[in-house]
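Please look over the sequence and the model below. The briefing that follows takes up its strands, its helices, its ligand site and some single residues.

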Amino acid sequence: MATAAIKPSAEAACRLRRGGAVKTEGQWLKAPKEKVMAKDVIIACDFSSKEQTLAFLDKFTGRKPFVKIGMELFYAEGPAIVREIKARGHKIFLDLKLHDIPNTVRKAMSVLSRLDVDMCNVHAAGTVDMMRAGLEGLTREDGTRPLLIAVTQLTSTSEERMQKELLIDATINDCIAKYAENAKEAGLDGVVCSPLEASLVKEHCGKEFFTITPGVRFADSSKDDQVRIMTPAQAREIGSDYIVVGRPITAAENPVAAYERCCKEFLGE
Ligand code: C5P
C-alpha cells in the first residue's frame, strides 16, 4: 500500500507547504483534511480490554469523541478494536510510538494506514530519515494519509537522565526544539509535547505545526501522577491544537459531562 513513487532521500526530499500539502521528490501528498480542521479533545482510552472500552464509549450517545488507543489496548485486543471503534464513528489517534529502522517503520506504517486511523506517531529520536519513511508508509495509494506526529522527549525523561544516560549534551528544551524541527523537516504534522513546551515548539516550527498536549487537568480536579499540567482553557490560550485527556474524563462520575466541559473550555463550545 506504500506509495512506491515517493523515494526516501534526505537531500532531495523537499518539503513545501502550499495549502497544507507536502511535496517530496516531485510528488504532492494530499494533506489530511484535519490540517485545516484542527483543535479537538482526544480522550485517552487507557483500558485493557475491549469490554471496558466499549462500555465506556457506549455512554457517548451524542457527539462521538476523538479517541486515543495506546499500546495497552492495542496489544491486548489487536487491530480488531481499532476497526470496531472506527466503525462506531470515532476518529482515532493510534498511539504506538514507532521507533525502528526506516524500512521497518515504513512497512509498519503502511499496515497501520489500512486501519483507517486519523493520527499515528513515531519517536523523533529515530532520525529524520525514519520519520520520512514513516510518512511514506502511511500515505495511501490515493495520496491521503492520517496525521503523523512525533514524540520528542517523553515527559517522563528528566533533563538529568537525558544528559547522563542518553549522553545528549543539550538542555531538554533545546533537544525538544531540535527534534520538533527534525519532525517538521521530515514532513510530519506536529509533535506530542507537554503544554508547557507548546509555545517553544510553535516558536521554532511555526503556528501551523501541531502540538498535541497531554497533562490536562480541570482546575478543581486531581493531578494524579501528572506534574506539568494545564487546564483545557489554558491549553487553548497557549495554542495547543489537540489536548489528550484521560482520567479527568474516564474516571469521572459522569464522563460525558466531563468531556463536554473539556470541549467547552478548550474549544469554546
Ligand atoms: O489520564 P491522563 O489524562 O494523565 O492521560 C494522559 C494520556 O496521555 C495517557 O494515555 C498518557 O500515556 C499520555 N501521555 C502523557 N504524557 C506524554 C505522552 C503521552 O501523559 N508525554
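**Strand S3 and its partners**

Strand S3 and strand S10 (residues 242-245) run parallel and are joined by 4 bridges; two strands count as paired if DSSP finds at least two bridges between them. This is a predicted model, in which local features need pLDDT of at least 70 and side-chain atom pairs count only at pLDDT 80 or more, while totals for chains, interfaces and linings use all residues. Residues are numbered from 1 along each chain as its sequence is written, and side-chain values use heavy atoms, with hydrogens and water left out.

- Helices (H or I, at least four residues) and strands (E, at least two) are DSSP runs numbered from the N terminus.
- Within the pairing of S3 with S10, Val41 stands opposite Ile243.
- S3 also pairs with S4, in the parallel sense, over 3 bridges.
- In that second pairing, Ile43 has Val67 of S4 as its bridge partner.
- S3 covers residues 40-44, and 5 of its 5 residues are buried. Buried means under 20% relative accessible area, exposed means over 50%, and partly exposed is in between (1.4 Å probe, protein chains only).
- In a regular strand the side chains alternate between the two faces of the sheet.
- Asp40, Ile42 and Ala44 point one way from S3, Val41 and Ile43 point the other way, and all are buried.

**The protein as a whole**

- The protein has 11 helices and 10 strands.
- It has 269 residues, and buried residues make up 52% of them.
- Among contacts (heavy atoms within 4.5 Å) with a separation of 6 or more, 66% are between residues 24 or more positions apart.
- The protein exposes about 12400 Å², of which carbon and sulfur atoms supply 51%. Accessible areas come from the Shrake-Rupley method with a 1.4 Å probe, and for residues only the protein chains shown count as cover.

**Helix H3**

- H3 spans residues 79-87, and Ile81, Val82 and Ile85 are buried in it.
- Seen down the helix axis, the buried residues of H3 fall within an arc of 100 degrees, so they line one face of the helix. The arc is that of the directions from the helix axis to the C-beta atoms.
- Arg83 and Ala87, on the other side of H3, are exposed.
- The buried residues of H3 pack against helix H1 (50-57), strand S4 (66-70), helix H2 (71-77) and strand S5 (92-98).
- Gly89 follows H3 and has a positive phi, near 95 degrees.

**Ligand site**

- Residues surrounding the ligand include Ala44, Asp46, Lys68, Thr155, Arg217, Gln226 and Arg247; a residue is near a molecule or strand if one of its heavy atoms lies within 4 Å of it.
- Asp46 has a polar side-chain atom 2.7 Å from an oxygen atom of the ligand.
- For Lys68, a polar side-chain atom lies 2.9 Å from an oxygen atom of the ligand.
- In the side chain of Arg247, an N or O atom is 2.7 Å from an oxygen atom of the ligand.
- On its own the ligand has 470 Å² of accessible area, and the protein covers 81% of this.

**Residues with positive phi**

- Most residues other than glycine have a negative phi, and most peptide bonds are trans.
- Lys97 has a positive phi, near 45 degrees, and is a residue other than glycine.
- Lys97 lies in strand S5 and counts as partly exposed because its relative accessibility is 23%.
- Leu167, also a residue other than glycine, has a positive phi near 55 degrees.
- Leu167 sits in the loop between helix H6 (159-164) and helix H7 (172-185), and counts as exposed because its relative accessibility is 70%.

**Ser113 and Asp118**

- Ser113 is part of helix H4 (residues 102-113) and is buried, with a relative accessible area of 3%.
- Apart from neighbours within four places in sequence, Ser113 is in contact with Gly137, Leu138, Arg140 and Pro146.
- Asp118 is in the loop between H4 and strand S6 (119-123), and it counts as buried because its relative accessibility is 11%.
- The side chains of Asp118 and Lys86 make a polar contact (2.6 Å). A polar contact is a pair of N or O atoms within 3.5 Å; within protein, one must be able to donate a hydrogen and the other to accept it, and residues adjacent in sequence count only if both atoms are side-chain atoms.
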